[in-house]
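Subject: Structure for you to look at, with notes

Dear colleague,

I am passing on the structure we spoke about, so that you can open it beside this message and follow the notes residue by residue. Please look through it once on your own before reading further.

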Amino acid sequence: MAEASSPQRPRPAVTDLTRPFWEAAREGRLVIQRCHACGYYNHPPRQECDKCLSTDLAFEPVSGLGRVYSYTVMYQKNVQGFEDHLPYLTALVELDEQPMLLLVTNLPGAVADDSLLDARVRVEFERVDDEITLPQFVTVGEGPK
Ligand code: ZN
């Protein structure tokens, strides 16, 4: 993947809670926090499971496969750091592991049209700098899974 072209582009804030996600992404792996009590995936990571409130949570690898749940196209310059990227896509990808397990992506290379909804996607990793690598998603097919 291409390096980020805008030095002002906002960077994710890495916290103790999210650090395992970013460390895995830097190694080219997609991991999602999962509850050991009930098996539910929580994303973004939480202090307690969304489903059962257990605190027995750990990050586990996932397939990196899913579908485009929704997307929008940004034409306005009201998000600082993205002015040079207009128009750009922002999408929600639903991972195969669980209904409504949604990740935000820009779908690099995708064209906004009706075939994009439900399109099959797979994760790719976009290195931003030594600390941050962004999991992004690219289309691998069209239509419902
Ligand atoms: Zn749980």
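What follows is a description of the domains, the salt bridges and a few backbone details.

Please keep in mind throughout that this is a predicted model.

**The two domains and where they meet**

The protein chain is divided into two parts, with domain 1 covering residues 15-62 and domain 2 covering residues 63-145. If you take the centres of domain 1 and domain 2 over their C-alpha atoms, you will find that 20 Å separate them. Where the domains touch, 13 residues of domain 1 are in contact with 17 residues of domain 2. The area buried between domain 1 and domain 2 comes to about 1200 Å², and carbon and sulfur atoms give 70% of that area. On the domain 1 side, the largest share of the residues that touch domain 2 comes from helix α1 (residues 19-26), which supplies four residues. Sorted by class, that side of domain 1 has eight nonpolar, three polar and two charged residues.

You may ask how many salt bridges the rule finds across the interface of domain 1 and domain 2. The count there is zero salt bridges, while three residue pairs are in polar contact between domain 1 and domain 2, with both residues of each pair at pLDDT 80 or more.

**Salt bridges in the whole structure**

Side chains of opposite charge can pair when their charged atoms come close. A search of the whole structure finds eleven salt bridges, and I will go through some of them here.

D50 forms a salt bridge with R46, and the closest N and O atoms of this pair are 2.9 Å apart. D50 is partly exposed, with a relative accessible area of 45%, and R46 is also partly exposed, with a relative accessible area of 27%.

R67 forms a salt bridge with D118, where the closest N and O atoms are 2.1 Å apart. This pair links distant parts of the chain, for R67 is in strand β4 (residues 65-74) and D118 is in the loop between β6 (102-105) and β7 (120-127), 51 residues apart. Is R67 buried or exposed? R67 has a relative accessible area of 16%, and because buried means under 20%, R67 counts as buried. Its partner D118, with a relative accessible area of 25%, is partly exposed.

R120 forms a salt bridge with D96, the closest N and O atoms being 2.8 Å apart. Here too the pair links distant parts of the chain, since R120 belongs to strand β7 and D96 to the loop between β5 (88-95) and β6, with their positions 24 residues apart in the numbering. D96 counts as partly exposed, at 34% relative accessibility. Elsewhere, R11, D129 and E131 are linked in a network of salt bridges.

**A buried residue in a loop**

Q98 has its place in the loop between β5 and β6, and Q98 is buried, with a relative accessible area of 10%. Which residues is Q98 in contact with, leaving aside its neighbours within four places in sequence? They are G39, Y40 and Y41.

**Backbone details**

Two peptide bonds deserve a careful look when you trace the backbone. The peptide bond from H43 to P44 is cis, with omega near -5 degrees, and P44 is in the loop between β2 (41-42) and β3 (57-61). A cis peptide bond also joins L86 and P87, where omega is about -15 degrees, and P87 is found in the loop between β4 and β5.

Please check the phi angles of L107 and D118 as well. Phi of L107 is near 45 degrees, which is a positive value in a residue other than glycine. L107 lies in the loop between β6 and β7 and is buried, with a relative accessible area of 1%. D118, which you have already met as the salt-bridge partner of R67, has a positive phi of about 75 degrees although it is not a glycine. D118 is likewise found in the loop between β6 and β7, but D118 counts as partly exposed, at 25% relative accessibility.

With best wishes

Note on methods: Residues numbered from 1 in each chain as written. Heavy atoms only, no water. Domains from an automatic or database assignment. Contact = heavy atoms within 4.5 Å. Buried area = accessible area lost by both parts, 1.4 Å probe. Salt bridge = Lys/Arg side-chain N within 4 Å of Asp/Glu carboxyl O. Polar contact = N/O pair within 3.5 Å; in protein donor to acceptor, adjacent residues only side chain to side chain. Helix = DSSP H or I, 4+ residues; strand = E, 2+ residues; numbered from the N terminus. Nonpolar A, V, L, I, M, F, W, Y, C, P; charged D, E, K, R; others polar. Buried < 20%, exposed > 50% of the residue type's maximum accessible area, 1.4 Å probe, protein only.
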